[in-house]
Amino acid sequence: MIIIQATSQHVPVIARMAKETYVENYSQYYTGEKLEKLEAHVATYHTHEQIQADLDGGEQVFFVCEDADREGLNPLGFCQVRRKTPRQVLPELSAEYPEPCWEIRRCYVLRGNQGKNAGSLLMQAALSKVKEAGAKTMWLFVLKDNVNAQRFYQKFGLENVGHSFFYYAGTTSLFVKQVQAE
């Protein structure tokens with residue numbers, strides 16, 4: 001398995017995985033009339049154009065985990081980190097965190113590839129990148145009922161410090177890690 005810091009050539013693969021993993025993880029929250037909102041969300045935030053714009057903006061980094069097979073490289077998952085404070089996303093948050101802050105915006109492994117260490121490799125790459133960038137805080141939101149993801153992030157030193165609300169999926173937990181320079 002290899003981790004690659006994504007460039008423009010990886011945008012189609014990231015867009016495909018972003019769409020697939022978003023639908024896998026959130027479709028249960030988009031029932032009935034809300035199904036159109038799922039399609040609109042995917043069509044807005046998981047397109048080639050949006051991912052390319054995120055890359056071009058300079059404040060976000062994507063990593064791709066790939067595994068070699070007989071047919072070449074097989075993408076297993078991706079991780080997106082961006083320089084952003086929790087308060088920029090959630091203005092009503094009362095806590096202050098040391099800046100600069102980096103958010104783990106997305107860290108997903110395709111369902112058929114889970115349990116193969118791809119997620120851990122992606123998190124290690126993300127943590128290395130934010131340390132290299134001088135981050136003092138790394139954070140993310142995790143669905144409150146996604147206990148497996150919460151345990152996964154806790155293995156990397158992120159702690160559950162509170163709750164927020166995610167429009168489509170209900171309550172989320174805010175996980176934060178104070179980053180130590182190496």
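Visitor: How many of the nine residues of β4 are buried?
Guide: Eight of the nine are, so β4 is largely enclosed by the rest of the structure. Buried means under 20% relative accessible area, exposed means over 50%, and partly exposed lies in between, using a 1.4 Å probe and protein chains only. Helices (H or I, at least four residues) and strands (E, at least two) are DSSP runs, numbered from the N terminus.

Visitor: Good to know. What sort of model is this, and how is the numbering done?
Guide: This is a predicted model, where local features need pLDDT of at least 70, side-chain atom pairs count only at pLDDT 80 or more, and totals for chains, interfaces and linings use all residues. Residues are numbered from 1 along each chain as its sequence is written, and side-chain values use heavy atoms, with hydrogens and water left out.

Visitor: Back to β4, then. Do β4 and β5 run parallel or antiparallel?
Guide: Strand β4 (residues 101-109) and β5 run parallel, joined by three bridges. Two strands count as paired if DSSP finds at least two bridges between them.

Visitor: Which residues in β5 are the bridge partners of W102 and E103?
Guide: W102 has M138 as its partner in β5, and E103 has W139. The chain gets from β4 to β5 through α5, and this β-α-β crossover is right-handed: with the strands pointing away from the viewer, the path from the first strand over the helix to the second runs clockwise.

Visitor: And β5, mostly covered or mostly open?
Guide: Mostly covered: six of the seven residues of β5 (residues 137-143) are buried.

Visitor: Switching to pockets. What volume does the largest pocket have?
Guide: About 1400 Å³. On a 1 Å grid over the protein atoms alone, a pocket is an open set of points with protein on both sides within 12 Å along at least five of seven lines, and lining residues have an atom within 4 Å of a point. Grid points are joined across faces, edges and corners, and the volume is the space filled by probe spheres set on the points.

Visitor: Which residues lie nearest its centre?
Guide: Y26, C107, Y108, F141 and Y153, out of 44 lining residues. The elements giving two or more residues to the lining are α1, α2, β4, α5, β5, α6 and β6 (159-166). The largest share, seven residues, comes from β4.

Visitor: Let's take α6 from that list. Which of its residues are buried?
Guide: In α6 (residues 147-154), A149, Q150, F152 and Y153 are buried. Seen down the helix axis, they fall within an arc of 160 degrees, so they line one face of α6. The arc is that of the directions from the helix axis to the C-beta atoms.

Visitor: What does S120 in α5 touch?
Guide: S120 is in contact (heavy atoms within 4.5 Å) with F152 and F156, leaving aside neighbours within four places in sequence. S120 is buried, at 14% relative accessible area, and sits in α5 (residues 118-132).

Visitor: How about α2: which residues are buried, and which exposed ones does the other face carry?
Guide: L38, H41 and V42 are buried in α2 (residues 35-45). Those buried residues fall within an arc of 95 degrees, so they line one face of the helix. The face turned away from the buried side carries the exposed residues E36 and A43. What covers the buried residues of α2 includes α1 (11-26).

Visitor: Since α1 came up, what does M17 touch?
Guide: M17, in helix α1, touches V64, P75, L76, G77, F78 and L110, not counting residues up to four places away in sequence. M17 counts as buried at 0% relative accessibility.

Visitor: V64 is in β2, right? Which residue stands opposite V64 there?
Guide: I4 stands opposite V64 in β2. Strand β1 (residues 2-5) pairs with β2 in the antiparallel sense over four bridges. Seven of the ten residues of β2 (residues 60-69) are buried, so β2 is largely enclosed by the rest of the structure.

Visitor: Last topic, backbone geometry. Where is the cis peptide bond?
Guide: It joins E99 and P100, with omega at about 5 degrees. P100 is in the loop between α4 (86-89) and β4.

Visitor: And what is phi of N117 near?
Guide: Near 80 degrees, a positive value in a residue other than glycine. Most residues other than glycine have a negative phi, and most peptide bonds are trans. N117 lies in the loop between β4 and α5 and is partly exposed, with a relative accessible area of 43%.

Terms used:
On a 1 Å grid over the protein atoms alone, a cavity is a set of points where a 1.4 Å probe fits but cannot get out, and a pocket is an open set with protein on both sides within 12 Å along at least five of seven lines; lining residues have an atom within 4 Å of a point.
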